[in-house]
Amino acid sequence: MEITELYKIFEQHPVVTTDSRDCPPDSIFFALKGESFNGNAFAAKALAQGCAFAVVDEAAYCPPNDGRYILVNNCLDTLRQLANYHRRVLGTRIIGITGTNGKTTTKELLAAVLAEKYKVLYTLGNFNNEIGVPKTLLRLTKEHEIAVIEMGASHPGDIRSLVNIVEPDFALITNVGKAHLQGFGSFEGVIKTKGELYDYMRAKNTGKVFIDAANPYLMNISDGLHLIKYSTEETSDAYVQGSVLSCAPFLKFAWQQADGPRYEVQTHLIGAYNVLNMLAAVSIGRYFDVAAEQVNHALTHYIPDNNRSQLEVTKHNKLIMDAYNANPTSMNAALQNFRDMTVSPKMAILGDMKELGDVSETEHQKIADLLPLLHLDDVWLVGEEFAKTHSTFRKFKDVEEVKQALALERPQNYYILIKGSNSIKLFQLPEFL
Ligand code: ATP
Ligand code: MG
């Protein structure tokens, strides 16, 4: 079926699902394939549960003479094409965000800022991959005035492929750092992949790119782009200039434009590194004419609830929950921020940083070497990668072992930084602390 024809159906049935357990009435089911499942096998169930159509890509699952089935070559490709077609038809202004760290945080901050003035569509949660991005685009309606789309990558080419369906008008790479090195091959691979967003903007030539002017890796690959700069450093041509005022424990920062007034903003985020995420949101918000007071209102009232840079007060301790993900760059940022926090006593429970491939051992050792320099009162290391490091700090095989230890000896009145890759499951710890 031609995409134009499928689009006519989508216009009548503008809700798309890829999960046969979640079939809103009258929606279109797309039978995607994963490593361990074949969505085609669930098409009949999806129809029985209320979907109006099922897009399948295996003839065996497409009964003859049943107009509810739409047979295509590849369901994911069709989903992507439909999303791109829809995006083009509506012509909504889109801001595309990628980067190693801080995409979701910046996306949430920016959406909050823009929502002060506009009807905004933005990526829900972390739906930033080849399925999440098209599904997000398909949620666009005529009412949306602007969209903020998070794009994630773990292999070269991932961003190019997403950008080609998103076709952003504005772009932001939050930063580049060491993550998913297994997939990217090297740090250069990371830069190149994130740079695919710049490549698209360069070719498009009309769009604007928001950039941290003090980031040498990003500035190095920014030739030929229309830049709007923000920075925590003195730069003559920054659109927005900012600085960290304090982290005790929440980030307070200042920002200013040219000779305009200087604003101070008290946030609810932990971590000095978040100042760059904040400044990105300020810059884009101001660029889109959100009043300074509204920008500040949105940033002050944004409270994270997703285990990212979040303070959680338990009965016995105060937890800095950063257990959602970890890579060498974000681990360093979190640890250095923790070192600079004027609180005590301090404890860190750190889990393995996953997907680092060949450099995993070296990168874990670097963290192990850094730890004694941070003057923390106690450090627990969790997981098999940290187990291999030379370190005198206590080591635990997994989160279960940590829980057993916590049952016997509960730390009291500590500030505890909890950070590790999601699969180490440190997010299970708060109830034991
Ligand atoms: P993912 O790749 O999982 O989608 P993300 O890029 O969306 O991650 P966030 O979820 O916003 O990133 O933040 C994840 C963690 O990265 C935070 O909890 C924090 O530790 C760290 N982080 C956030 N912003 C920065 C930054 N600007 N520099 C360094 N580390 C950061
Ligand atoms: Mg994210």
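Visitor: Let's start with strand β2 (residues 28-30) and strand β3 (residues 53-56): how many bridges join them?
Guide: This is a predicted model, so everything here is about the prediction. The two strands, β2 and β3, run parallel. One pairing to look for is Ile-28, whose bridge partner in β3 is Phe-53. As for the number of bridges joining β2 to β3, it is three.

Visitor: Which strands stand at the edges of that sheet, each with a single partner strand?
Guide: The sheet is an open one of four strands, paired in parallel, in the order β1-β2-β3-β4. An edge strand has a single partner, so one side of it is left without a neighbour in the sheet. The strands in that position are β1 (16-17) and β4 (69-71).

Visitor: Is strand β17 (residues 378-382) largely enclosed or largely open, and how many of its five residues are buried?
Guide: Buried here means a relative accessible area under 20%. Enough residues of β17 meet that cut-off, so the strand is largely enclosed by the rest of the structure. The count of buried residues, out of five, is four.

Visitor: Which helix does the chain pass through between β16 and β17?
Guide: Strand β16 (residues 346-351) and β17 run parallel, joined by five bridges, and Ala-348 has Val-379 as its bridge partner in β17. To get from β16 to β17, the chain makes a right-handed β-α-β crossover. The helix on that route, residues 360-370, is α13.

Visitor: What do the buried residues of α13 pack against?
Guide: Quite a few residues of α13 are buried, among them Glu-363, His-364, Ile-367 and Leu-370. An α-helix has 3.6 residues a turn, so residues three or four places apart point the same way. The packing partners of the buried α13 residues are α12 (328-340), β16 and α14 (384-387).

Visitor: Which residue of β18 stands opposite Val-382?
Guide: β17 also pairs with strand β18 (residues 394-396). That pairing is in the parallel sense, over three bridges. Opposite Val-382, in β18, stands Phe-396.

Visitor: Now for the magnesium ion (ligand 2): which residues are its protein donors?
Guide: The donor atoms lie 2.0 to 2.2 Å from the ion. Along the chain, the donors follow the spacing T-x21-N-x23-E. Two of them link distant parts of the chain, one in helix α4 (residues 103-114) and one in the loop between β6 (120-122) and α5 (132-137), 22 residues apart. The donors, with their atoms, are Thr-104 (OG1), Asn-126 (OD1) and Glu-150 (OE).

Visitor: Is Asn-126 buried, partly exposed or exposed?
Guide: Try Thr-104 as a warm-up: its relative accessible area is 5%, so it counts as buried. The partly exposed class runs from 20% to 50%. Asn-126 has 30% relative accessibility, so it counts as partly exposed.

Visitor: How far is a polar side-chain atom of Glu-150 from an oxygen atom of ligand 1?
Guide: Thr-104 is among the residues that come nearest to ligand 1, and a polar backbone atom of Thr-104 is 2.7 Å from an oxygen atom of that ligand. The side chain of Asn-126 has an N or O atom 2.8 Å from a ligand 1 oxygen. For Glu-150, the distance is 3.2 Å.

Visitor: Last one: leaving aside its neighbours within four places in sequence, which residues is Asn-296 in contact with?
Guide: Asn-296 is found in helix α11 (residues 292-301). Its relative accessible area is 10%, so Asn-296 is buried. Its contacts, sequence neighbours aside, are Trp-255, Tyr-263 and Val-265.

Methods: Residues are numbered from 1 along each chain as its sequence is written. Chains are lettered from A and ligands numbered from 1 in the order in which they are written. This is a predicted model: local features need pLDDT of at least 70, side-chain atom pairs count only at pLDDT 80 or more; totals for chains, interfaces and linings use all residues. Side-chain values use heavy atoms; hydrogens and water are left out. Buried means under 20% relative accessible area, exposed over 50%, partly exposed in between (1.4 Å probe, protein chains only). Contact means heavy atoms within 4.5 Å. Two strands pair if DSSP finds at least two bridges between them. A crossover is right-handed if, with the strands pointing away from the viewer, the path from the first strand over the helix to the second runs clockwise. Donors are N, O and S atoms within 2.8 Å of the metal (3.2 Å for Na, K and Ca); water is not among the atoms, so sites may look incomplete. A residue is near a molecule or strand if one of its heavy atoms lies within 4 Å of it. A polar contact is a pair of N or O atoms within 3.5 Å; within protein, one must be able to donate a hydrogen and the other to accept it, and residues adjacent in sequence count only if both atoms are side-chain atoms.
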